[in-house]
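Here are my notes on the model, set out as numbered points so that each can be checked against the coordinates. I begin in the middle of the sheet and work outwards.

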Amino acid sequence: MSTAKTASKTVTKAAASLPEVSISEDGPVRHLHLGTPWIQGSMRLADPFAIELEYVQRMMAWLLFVEPASVRQRHALQLGLGAGAITKFCYKKLHMCCTAVELNPQVLAVCRSWFKLPPDGPKLRVVLADAAQEIRDPMWLGTVDALAVDLYDHEAAAPVLDSAAFYADCRALLSDDGCMTVNLFGRAASFERSVQALGEAFGAEALWAFKPTREGNTVLLAQRTPSRPPRAELQARAEAVQGRWGIPATKWLRVFKPVVTGANTTRV
């Protein structure tokens, strides 16, 4: 999420308890908003199934930990649809089975009308539900290989769900080599607090983090089964990811490191 300089055009209005959904366009890029100038998702009009925002590209860092040939047999789950960038990319570019969970039905309607989100089908499903409740359904346990968590209210002050209990529920969704990526952003967000909660749920050795983007988004990755691949292996994976799917993965390795926790410090 980041701020938009262009004026928003109201698209539709959700129920009274949910924020107004709007879009704006800044040249070749369309943005989604939830009642404020904060950008909740973006799409490049000329390439609607690519990932436009840098932090959202980084949410795909789980690709560094799996064999590229295995990707199309995997399941991606996105919590918080935004403009649907992750789900669209995983479905159209990676050919994965994809699920997204979104609370606001108007976000889904706008994604379908304005952001090229394909209709539900055998390999794509959007569930309208509260993410914290939905992920407790036993049907999801152990079925997710790539879990993306990007849950913010319309003010984008901090993650809506950021507790050890929530992250433990997330971990239970993952397959043995599954990964969760989570976006941390906002004036009330706390890297230290989130790392503590993630470490409690996943274990201190399971965590990786990117340096913040220019806009202030920090993406953390948590592994169901902790691993520390050698640098050469990560480099080879990054080159394969970039070559196959066009994500700038080779530059990630300069800003993506294991999280080191100590008695009084946490660092990347």
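**Notes on the fold**

1. Within strand S9, Cys 179 is the bridge partner of Ala 146. That pair belongs to the contact between S8 and S9, two strands that run parallel and are joined by 5 bridges. Please keep in mind throughout that this is a predicted model.

2. Ala 146 also leads to the next strand over, since it is the partner in S8 of Ala 76. Strand S5, residues 75-79, and strand S8, residues 144-149, run parallel and are joined by 4 bridges. On its other pairing, S9 meets S11 in the antiparallel sense, over 6 bridges, and there Val 182 has Leu 220 of S11 as its bridge partner. As for its surroundings, S9 is mostly covered, with 9 of its 11 residues buried.

3. How are the strands ordered in the sheet to which these pairings belong? The sheet is open and has 8 strands, in the order S7-S6-S5-S8-S9-S11-S10-S12, and its pairing is mixed. Its edges are formed by strand S7 (124-128) and strand S12 (256-258), each of which pairs on one side only. Neighbouring strands of the sheet are turned against each other by 15 degrees on average, direction ignored.

4. Helix H6, residues 191-202, packs on this sheet, where it touches strand S9 (174-184), strand S10 (207-210) and strand S11 (218-223). The direction of H6 makes about 10 degrees with that of S11.

5. H6 also packs against helix H5 (residues 164-173), at an angle of about 45 degrees and with the two axes 8 Å apart. With that angle, H5 and H6 are therefore oblique to each other, and their crossing is right-handed. On the H5 side the contact is made by Ala 164, Tyr 167, Ala 168 and Arg 171, and on the H6 side by Ser 194, Ala 197, Leu 198, Glu 200, Ala 201 and Phe 202. By class, the residues of this contact divide into 7 nonpolar, 1 polar and 2 charged. A general point on helices is useful when reading such a list: an α-helix has 3.6 residues a turn, so residues three or four places apart point the same way.

6. Is Glu 134, a residue of helix H4 (residues 131-134), buried or exposed? Glu 134 is buried, because its relative accessible area of 14% falls under the 20% cut-off. Not counting residues up to four places away in sequence, Glu 134 touches Val 101, Val 127, Ala 129 and Trp 140. The C-alpha atom of Glu 134 is separated by 9.7 Å from that of Leu 79, which is 55 residues apart from it along the chain.

7. Met 60 lies in the loop between helix H1 (54-58) and S5, and it is buried, with a relative accessible area of 0%. Leaving aside neighbours within four places in sequence, the contacts of Met 60 are with Ile 51, Ile 86, Phe 89, Cys 90, Leu 94, Ile 247 and Trp 252. For Met 60 and Ile 86, which are 26 residues apart along the chain, the C-alpha atoms are separated by 8.1 Å. Helix H2 (residues 85-93) has Ala 85, Ile 86, Thr 87, Lys 88, Phe 89 and Cys 90 as its buried residues, and among these Ile 86, Phe 89 and Cys 90 are in contact with Met 60.

8. Two backbone conformations deserve a second look. His 95, which follows H2, has a positive phi of about 60 degrees although it is not a glycine. Its place is in the loop between H2 and strand S6 (97-102), where it is partly exposed, with a relative accessible area of 35%. Lys 116, likewise a residue other than glycine, has a positive phi near 60 degrees and is placed in the loop between helix H3 (105-114) and S7.

9. For the chain as a whole, the model has 7 helices and 14 strands. Of the 268 residues in the protein chain, 53% are buried. Among contacts with a separation of 6 or more, 65% are between residues 24 or more positions apart.

Technical notes: Residues are numbered from 1 along each chain as its sequence is written. This is a predicted model: local features need pLDDT of at least 70, side-chain atom pairs count only at pLDDT 80 or more; totals for chains, interfaces and linings use all residues. Side-chain values use heavy atoms; hydrogens and water are left out. Two strands pair if DSSP finds at least two bridges between them. Axes are lines fitted to C-alpha atoms, for helices over the stretch in contact, and angles run from 0 to 180 degrees between N-to-C directions. Contact means heavy atoms within 4.5 Å. Angles under 35 degrees count as roughly parallel, over 145 as roughly antiparallel, 65 to 115 as roughly perpendicular and the rest as oblique. A crossing is left-handed if the near helix is turned anticlockwise from the far one by less than a right angle, and right-handed if clockwise. Ala, Val, Leu, Ile, Met, Phe, Trp, Tyr, Cys and Pro count as nonpolar, Asp, Glu, Lys and Arg as charged, and the others, Gly among them, as polar. Buried means under 20% relative accessible area, exposed over 50%, partly exposed in between (1.4 Å probe, protein chains only).
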